[in-house]
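Hello,

Here is the structure I promised to pass on to you. Have a look at it first, and then read on for what turned up.

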Amino acid sequence: MRALLTKVEQDSRLDRAGDRLQKVVLGTLRPRRLRDLLHGVTLGHPLHPAMVQVPVGAWISAAVLDLMPGQRRPATVLVGLGTASALPAAIAGLNDWAALARDQRRVGLVHAAANTVGMTLYAGSLAARLSGRHGMGRALGFLGLSTVSLGAYIGGHLAYKQGAQVNQSISELHRMTDGWHSLADMATLPQRTLITREVDDDISVILYRHGDEVTVMLERCPHQSGPLGEGEVQEIDGHACVVCPWHGSAFRLNGGEVVQGPSGNDQQILPTRIQNGVLQTRLP
């Protein structure tokens, strides 16, 4: 399976269908507020993984009831609940998928295809149960559960092997040594200008001074490791924010909260202090 998914990552033949679907998704989910909502910006955490718990939980529970006598009605209700809740979860997933890198989109396309087949099987299962063909409904349900389980496996590969929609910058904290690190003389820091510095010689951070306050933030964007130090500072909802130059994710400079996707994760802010006129930072 690992070898097969590696081939999927590298199979450029999937790009034709993937590029067309991406245009459809971006064209349909055009309002930024809608896209941000589906990315999980308001939560500071990707929304799709949370939404899939409802259909998956309902379908697994239905499968358990299908193995028990006298549970046709509750099993049918759970299959219906899972099928209905799968659609909004899929929309959130497509919204995330459209903002991924090309190799991630290839695997995501297969993930979506498997889940679409699973949803179709469950829709057929629900129709069969409602028409009184409970044996057929159970059979289609077990086939559907097998298919969405395969889709979940592929989704795990997409997230944990390829890093889709996980925080790409947090690993920088794990490489930072303990203690305070000197970054710059306060007297040399300009007002309201992004400055890039390094901690431990290879961990990039951005500095932003506003009056006597200085924000120190990890420089790699959580979404796809974009260089926030090359981004622009914009005022969004009354807050100064840094906007990633790659995909447009925006983070508040006074707290790190994500205010604009496609990132669904907040950005890490580091503690600061001033010693003898020198700005210092350390691990949170």
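Residues 180-281 begin and end close to one another in space: their end C-alpha atoms lie 5 Å apart. The span is 50% strand and 0% helix, with helices (H or I, at least four residues) and strands (E, at least two) taken as DSSP runs and numbered from the N terminus. In UniProt, an unreviewed entry annotates these residues as "domain: Rieske"; positions follow the numbering used here, feature names are shortened, and such annotations may be inferred rather than shown by experiment.

Before going further, please note that this is a predicted model, in which local features need pLDDT of at least 70 and side-chain atom pairs count only at pLDDT 80 or more, while totals for chains, interfaces and linings use all residues. Residues are numbered from 1 along each chain as its sequence is written, and side-chain values use heavy atoms, leaving out hydrogens and water.

The same UniProt entry type, unreviewed, gives "transmembrane region" for residues 75-95, 107-128 and 140-160. Residues 75-95 are 100% helix, with end C-alpha atoms 31 Å apart. Residues 140-160 are also 100% helix, and their ends are 30 Å apart.

Now to the loop between β4 (213-218) and β5 (232-236), where Gln224 sits. Gln224 counts as buried because its relative accessibility is 16% (buried is under 20% relative accessible area, exposed over 50%, partly exposed in between, with a 1.4 Å probe and protein chains only). Its side chain makes a polar contact of 2.9 Å with the side chain of Gln104 (N or O atoms within 3.5 Å, one able to donate a hydrogen and the other to accept it; residues adjacent in sequence count only if both atoms are side-chain atoms). Beyond four places in sequence, Gln224 touches residues including Ala99, Gln168, Trp246 and His247 (contact means heavy atoms within 4.5 Å).

Pro227 is in that loop between β4 and β5 too, and it is buried at 13% relative accessibility. Leaving aside neighbours within four places, Pro227 is in contact with Glu219, Pro245 and Trp246.

Finally, which helix gives the most to the nonpolar patch? That is α5 (residues 53-66), with 3 residues. Met68 lies in the loop between α5 and α6 (72-97), and Met68 counts as partly exposed because its relative accessibility is 42%.

Best wishes
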